[in-house]
Amino acid sequence: MSNQTTVTSFLILGFSAFTEVWLPYFVFFLFVYLVTLMGNGAVVYIVHSDHALHSPMYFFLCNLSILETVYSSVTLPNILKNLVSGDKRISFLGCAIQMFFFLFLGTTECLLLAIMAFDRYTAICQPLFYNMVMSKQRCGYLSALAWSSGALLSLGQTTFIFTLTYCGPNVIDHFFCDIPPVLKLACSETYLNEIAIFSVCVAILLTPFLLILASYTRIISTLLKMTSVEKRGKAYSTCVSHLTSVTLFYGTASFMYLRPRSLYSLHTDRFLALFYSVVTPMLNPLIYSLRNQEVRGSLQKIIKEIHILRKK
């Protein structure tokens, strides 16, 4: 053990196997990144511009769009840089920072999706108390709770992982610093870390998911009792958008982090991580804008106003 050296940087393999055809991959990831930025930016702009959308549901949707923008920025710029320059190195501290923000934003998204489910439950099942329960002040508290909880939990997780001994090898067979591939490189015993990480992941993923499940059980029961087709259709459209996001995010993230170590597969992990960290942030604005009549209406109104201003 005396001749071991401490790792000061890592090599992220990413898409090294496709370096000879790097241009199509670069174009694809650049397209995804630009669509993600423009789509989520458009959602924030539309909600901010239209006073009719200044409600708790759209306040949390704005939070989600801002989160998705930063979430994709944690991994995609580095992927693009690696494809162009071929430089796969990332410093030990840089890897820790990337993992922290990735976990921070992922945890916050879990909590935000649960809060959005509670918002829909209150609006549909308890409409008379909606303005009192989901007041502007309480929405601010819930949002702050989601972001601060995500930051604190992720700081503990990241510290737990990067205080282990890393003495080589230093090659991460992934496209960013995620928990399983980094933990695999540790020289010290990781059994307790794996138990602690699994327990936290269960709490982060399972608890919000159970809250979402309970909320939608009541929501579906209420929708089935509604006599107004118009009200049912409006409630249905907002719920379907949210449920689609929940399915995409929780489905891939749960399979990624709640499997036994014996079932880990590098190829499967890369695909799942690519889906929920790169593809899902791009799809969410499309899901909410295409399924939501109010967002579509506001977007059409903004386009008409821009068209009129251009004519002038």
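This is a short tour of a predicted model, stop by stop, for a reader with the viewer open.

**Stop 1: the whole chain**

Start with the protein chain coloured by secondary structure. You should find ten helices and three strands. Walking from the N terminus, the order of elements is β-α-α-β-α-α-α-β-α-α-α-α-α. Now switch to colouring by accessibility: the chain has 312 residues, and 46% of them count as buried. If you like contact maps, draw one here. Among contacts between residues at least 6 apart in sequence, 79% join residues at least 24 apart.

**Stop 2: a pair of helices**

Next, select residues 92–125, which form helix α3, together with residues 136–162, which form helix α5. Two packed helices are described by the angle between their axes and the distance between the axes. Here the axes come within 7 Å and cross at roughly 145°. The crossing of α3 and α5 is right-handed. Show the side chains where α3 meets α5, and colour them by class: 19 residues of this contact are nonpolar and seven are polar, with no charged residues.

**Stop 3: the largest pocket**

Keep α3 on screen and turn to the largest pocket, whose volume is about 530 Å³. Which residues are closest to its centre? Select Arg120, Ala123, Ile124, Lys234 and Ala235; these are the closest among the 21 residues that line the pocket. To see where the walls come from, add α2 (56–85), α3, α8 (229–257) and α10 (293–311), each of which supplies at least two lining residues. Which helix gives the most to this lining? That is α8, with six residues. Coloured by class, the lining of the largest pocket shows ten nonpolar, six polar and five charged residues.

**Stop 4: the cavities**

Finally, look for enclosed space. The structure holds three cavities of 30 Å³ or more. Go to the second largest cavity, with a volume of about 80 Å³. Ten residues line this cavity, and those closest to its centre are Met57, Met116, Arg120, Thr238 and Tyr288. You have already met one of them: Arg120 is also among the residues closest to the centre of the largest pocket. Helices α2, α3 and α8 each supply at least two residues of the cavity lining, and these three helices each supply at least two residues to the lining of the largest pocket as well. By class, the lining of the second largest cavity has five nonpolar, three polar and two charged residues.

Terms used: Residues are numbered from 1 along each chain as its sequence is written. This is a predicted model: local features need pLDDT of at least 70, side-chain atom pairs count only at pLDDT 80 or more; totals for chains, interfaces and linings use all residues. Side-chain values use heavy atoms; hydrogens and water are left out. Axes are lines fitted to C-alpha atoms, for helices over the stretch in contact, and angles run from 0 to 180 degrees between N-to-C directions. Helices (H or I, at least four residues) and strands (E, at least two) are DSSP runs, numbered from the N terminus. A crossing is left-handed if the near helix is turned anticlockwise from the far one by less than a right angle, and right-handed if clockwise. Ala, Val, Leu, Ile, Met, Phe, Trp, Tyr, Cys and Pro count as nonpolar, Asp, Glu, Lys and Arg as charged, and the others, Gly among them, as polar. On a 1 Å grid over the protein atoms alone, a cavity is a set of points where a 1.4 Å probe fits but cannot get out, and a pocket is an open set with protein on both sides within 12 Å along at least five of seven lines; lining residues have an atom within 4 Å of a point. Grid points are joined across faces, edges and corners, and a volume is the space filled by probe spheres set on the points. Buried means under 20% relative accessible area, exposed over 50%, partly exposed in between (1.4 Å probe, protein chains only). Contact means heavy atoms within 4.5 Å.
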